[in-house]
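Work through the exercises below with the sequence and the structure at hand. Each task is followed by a solution in steps.

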Amino acid sequence: MVSVKRFVLDEPELFQASKEFVRIFADMPDPVLLVARKAKSLNAGIAWTLLGTALFQDCSYPEIANLLSNLYESFPDEKLWSLPVPSGTAINDVVKASMGGCHWSVFEHVPGIFWSVGLFVRHHPDLASWASSRTPEEMWRDLGEIYFMGKSNPRPKACAAIYRIIAPVPLGLGVVYRESRKMPPLPLTMGARRFLAILGPAKDDNFSGLDSLAKQKLANAYFRALSPGNPYLASHSLQFFLEDGNTDFICRNRTEHCRSCPLYELCNYAERHEKYYL
């Protein structure tokens, strides 16, 4: 596997185009935070970020945004954690209406996830203070209390939740935390995995054949190369690469069906358009 440093030197055009791709998608809203930003308080915003992160599995970006929006409409703000808790039937009715039935792989777990996040908030009633009194590593440990947030290393959902909470606005919620040199692994989404395998340092190798530690190490290094001042920005932007939207890939819709994409000449998945010359 070629190193990130070698790749940057060998592929300057592709690397610069990739940096521009990151810039273009930097302000693309995270589907989980779209709903969290509706909350009337920071405490509720953090709580709904935790719920959305735990639920975000085996569904598209439009689907999770729609589901969270409908859950929030039915159980707004503190209804997520206040007693009495909503019944499993009431929660599942929202899920079925949002997802078009009960076929979603996470369907039967949704009430448990909802109640678990509520319990977490009741254990930590001031979530902003909880975050400010902890390092990201300590937050990562605490988030193991939440059902479906993951138990074994590297617990990608817990990592994603932390970055959504602490990243500066508008990338995240901008919550203050105890700084530490040791940070959780940067979120390695399916979009970022595709990017690394198709247009990144692993494009001439078998990225899928790497173990999880090697994949994460490569991703962290490339995110730092693409956005040295804020590697999470690269992680955020690359999540939208070839990711399904409402009518087409999110990246295609964002770039006029690839016309304005800096990777147009380099990506085999770009929509081809006839060029006209004066």
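**Exercise 1. Describe how helix 5 and helix 6 pack in this predicted model.**

Solution. Step 1: take the axes. Those of helix 5 and helix 6 come within 9 Å and cross at roughly 145°. Step 2: assign the hand. Helix 5 passes helix 6 in a right-handed crossing. Step 3: list the residues that meet. Helix 5 contributes Glu63, Asn66, Leu67, Asn70, Leu71 and Ser74, and helix 6 contributes Ile91, Val94, Val95, Ser98 and Met99. Step 4: sort these residues by type. The contact of helix 5 with helix 6 divides into six nonpolar, four polar and one charged. Step 5: consider the spacing in sequence. An α-helix has 3.6 residues a turn, so residues three or four places apart point the same way.

**Exercise 2. Repeat the analysis for helix 6 and helix 7.**

Solution. Step 1: locate the elements. Helix 6 covers residues 88–99 and helix 7 covers residues 110–123. Step 2: take the axes, which come within 9 Å and cross at roughly 115°. Step 3: assign the hand; helix 6 passes helix 7 in a right-handed crossing. Step 4: list the contact. Helix 6 supplies Gly88, Ile91, Asn92 and Val95, while helix 7 supplies Val110, Pro111, Phe114 and Trp115. Step 5: sort by type. The contact residues of helix 6 with helix 7 are six nonpolar, two polar and no charged.

**Exercise 3. Which residues of helix 13 are buried, and what covers them?**

Solution. Step 1: apply the cut-off for buried, under 20% relative accessible area. Step 2: the residues of helix 13 that meet it are Tyr232, Ala234, Ser235, His236, Ser237 and Leu238. Step 3: draw the conclusion. Because six of the eight residues of helix 13 (residues 231–238) are buried, the helix is largely enclosed by the rest of the structure. Step 4: identify the cover, which includes helix 2 (12–24), helix 10 (156–166), helix 11 (190–198) and helix 12 (212–226).

**Exercise 4. Characterise the surroundings of Asp30.**

Solution. Step 1: place the residue. Asp30 is in the loop between helix 2 and helix 3 (31–36). Step 2: check accessibility. With a relative accessible area of 4%, Asp30 is buried. Step 3: list what Asp30 touches, leaving out residues up to four places away in sequence: Arg164, His236 and Gln239. One of these, His236, is also among the buried residues of helix 13.

**Exercise 5. How many salt bridges are there, and which parts does the pair of Glu11 and Lys203 link?**

Solution. Step 1: the count comes to 13 salt bridges. Step 2: examine the named pair. The side chains of Glu11 and Lys203 meet at 3.2 Å, N to O. Step 3: place the partners. Glu11 is in the loop between helix 1 (4–10) and helix 2, and Lys203 is in the loop between helix 11 and helix 12; the two are 192 residues apart. Step 4: check accessibility. Glu11 is partly exposed at 25%, and Lys203 is partly exposed at 29%.

Step 5: take a second pair, Glu243 and Arg194, whose side chains form a salt bridge at 3.2 Å, N to O. Glu243 lies in the loop between helix 13 and helix 14 (250–254) and Arg194 in helix 11, so the pair ties together parts 49 residues apart in sequence. Glu243 is buried, at 11% relative accessible area, whereas Arg194 is partly exposed, at 24%. Step 6: look for shared partners. Glu11, Lys203 and Asp204 are joined into one network by salt bridges.

**Exercise 6. Where are the cis peptide bonds of Pro84 and Pro170, and which backbone angle stands out at Asp77 and Phe148?**

Solution. Step 1: a cis peptide bond joins Leu83 and Pro84, with omega about 0°; Pro84 is in the loop between helix 5 and helix 6. Step 2: another joins Val169 and Pro170, with omega about 5°; Pro170 is in the loop between helix 10 and helix 11. Step 3: Asp77 has phi near 45°, a positive value in a residue other than glycine. Asp77 sits in the loop between helix 5 and helix 6 and is buried, at 6%. Step 4: Phe148 has a positive phi near 75°. Phe148 belongs to the loop between helix 9 (136–142) and helix 10 and is partly exposed, at 22%.

Technical notes: Residues numbered from 1 in each chain as written. Predicted model: local features only at pLDDT ≥ 70, side-chain atom pairs only at ≥ 80, totals over all residues. Heavy atoms only, no water. Buried < 20%, exposed > 50% of the residue type's maximum accessible area, 1.4 Å probe, protein only. Helix = DSSP H or I, 4+ residues; strand = E, 2+ residues; numbered from the N terminus. Contact = heavy atoms within 4.5 Å. Axes fitted to C-alpha atoms, helices over the stretch in contact; angles between N-to-C directions. Left-handed = near helix turned anticlockwise from the far one by under 90°. Nonpolar A, V, L, I, M, F, W, Y, C, P; charged D, E, K, R; others polar. Salt bridge = Lys/Arg side-chain N within 4 Å of Asp/Glu carboxyl O.
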